[in-house]
Amino acid sequence: MSHSVIEKPLARANAPFDVVALREEFPVLSREVHGKPLVYLDNAATSQTPRQVIEVFGDYYSRYNANIHRGLHTLADEATAAFEGARHRVKAFLNAEDARQVIFTRGTTEAINLVAQSWGRSQLAAGDEVLISMLEHHSNIVPWQLLAAERGFTIKVIPVDSQGALDMTAYRALLSERTKLVAVNHVSNALGTINPVKEMATLAHQYGALILIDGAQAAPHLKVDVQAIDADFYAFSGHKVYGPTGVGVLYGKKSLLDAMPPWQGGGEMIKTVSFDLGTTYAEIPHKFEAGTPAIAEVIALGRAIEWMESVGVGAIGAWEGVLLDHATQAVSQIEGLRILGTAPHKAGVLSFVVEGAHSQDIGLLIDQLGVAIRTGHHCAQPLLHHFGVDATCRASFAAYNTLEEVDSFIEALQRVIGMVR
Ligand SMILES: *Cc1c(COP(=O)(O)O)cnc(C)c1O
């Protein structure tokens, strides 16, 4: 596989953070929308993709497209090596103990459903409790509701304070011997709140409960260390870390994954299949990877992580902090604008509503000025209802955004507000 792009390290030997140079690596950022330069501030929904990641697809399909693990020919060996190379890269990215604890899924949603359907279905029963939080994305609510309807356990919700931070006193009070699982996000996609997941894990473990962390919004912004957190399960998506759609990761503690029953059945996840003797299952990670995976996407995810690490995850987070502070200060000057989510620890997300202006209208009109923000419930309806709104506008930042873009966004926002009020 020496000819594959994945082998060539990205050249950026500890260069200082240079957002102008970095932007050049993202082809889409030079396009126009409605005749205006694109200002892309919808990164919490999906981040844009650098050329080095896009190239993986051309390279894979023009050089070594083959099904993995089963082949005994050169292309299959090369594809398998690149695929498993990506697994090792994710292992290092999360500081997992062992690459076998990295399960490739379609995304965060599928990773959480895997835990619910495999671990949850075999472990949870009436009388048990699962704690989730008011901050959760629907993908960390609905899988538990579906399973609760079947298994009869109870879901309890950790409340948030007026700033959008989790109420840790309430969390402590909700924990009990009945708690079997705490399922929370590391960073809220709707408000940007960074949750104290390490402390939450310690508390959960004192009651013998497990903790599943939805890291979809953390992996793009923070250095994640699953061992330091002592996470039992950790999930994230490729398309929010400068990688492709259709791929994500579930990390799990080895003892848990080993003991969990398979979820989906099919090829790749078996040891032997027999009509008479029954079927035996493969070891992790393959036990949870039935069928042909998204091979090119997995390899591209490995490349995206390599790209992030070449820039520096810490440097990315620090730059986004600068952008967030600048944007927060500027929008605070706008009359009738209310920021939702003012917790002391926040990552890259600015959610707000404007008195006398529908969020939907702001989103549509600001798009006409080339600015992409998200409006709506951000897959967190319970949270928005808690704050008494149906929708917000959300600007969210990535490594390649600039202070000038934030200024363009503010200017556009003021124009739009003037138009709709
Ligand atoms: C985006 C997101 C998800 C869902 O991720 P998918 O890639 O759509 O599966 C879950 N949780 C949070 C916090 C998210 O931001």
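Author: Let's start with a term: a polar contact is a pair of N or O atoms within 3.5 Å. Keep in mind that this model is predicted.

Reader: Okay, which atom of the ligand does a polar side-chain atom of Asp-214 lie close to, in those terms?

Author: A nitrogen atom of the ligand, at 2.5 Å. Gln-217 also takes part: an N or O atom in its side chain is 2.6 Å from a ligand oxygen. With Thr-108 the partner is a polar backbone atom, 3.4 Å from an oxygen of the ligand.

Reader: How much of the ligand's accessible area does the protein cover?

Author: On its own the ligand has 380 Å² of accessible area, and the protein covers 86% of that. Besides those three, the residues around the ligand include His-137, Ser-139, Asn-189, His-239 and Lys-240.

Reader: Now the inside. Where does the largest nonpolar core lie?

Author: The general idea is that in soluble globular proteins, nonpolar side chains tend to be buried together. Here the largest core has 84 residues, and Leu-94, Phe-104, Tyr-171, Tyr-234 and Phe-236 touch the most other members. Helix 10, residues 295-311, gives the largest share, 11 residues. Domain 1 (19-44 + 312-420) and domain 2 (61-309) both contribute residues, so this core lies between them.

Reader: Which residues does the second core include?

Author: Trp-319, Ala-327, Ile-334 and Ala-395 are among its 29 residues, and it is separate.

Reader: What feature does UniProt place at residues 39-409?

Author: The unreviewed UniProt entry lists "domain: Aminotransferase class V" there. In the model, the end C-alpha atoms of residues 39-409 lie 7 Å apart, and the span is 40% helix and 17% strand.

Definitions and conventions: Residues numbered from 1 in each chain as written. Predicted model: local features only at pLDDT ≥ 70, side-chain atom pairs only at ≥ 80, totals over all residues. Heavy atoms only, no water. Core = buried A, V, L, I, M, F, W, Y, C linked by side-chain atoms within 4.5 Å. Buried < 20%, exposed > 50% of the residue type's maximum accessible area, 1.4 Å probe, protein only. Helix = DSSP H or I, 4+ residues; strand = E, 2+ residues; numbered from the N terminus. Domains from an automatic or database assignment. Near = heavy atom within 4 Å. Polar contact = N/O pair within 3.5 Å; in protein donor to acceptor, adjacent residues only side chain to side chain. Areas by Shrake-Rupley, 256 points an atom, 1.4 Å probe, with all protein chains shown as cover. UniProt positions renumbered as here; feature names shortened; annotations may be inferred.
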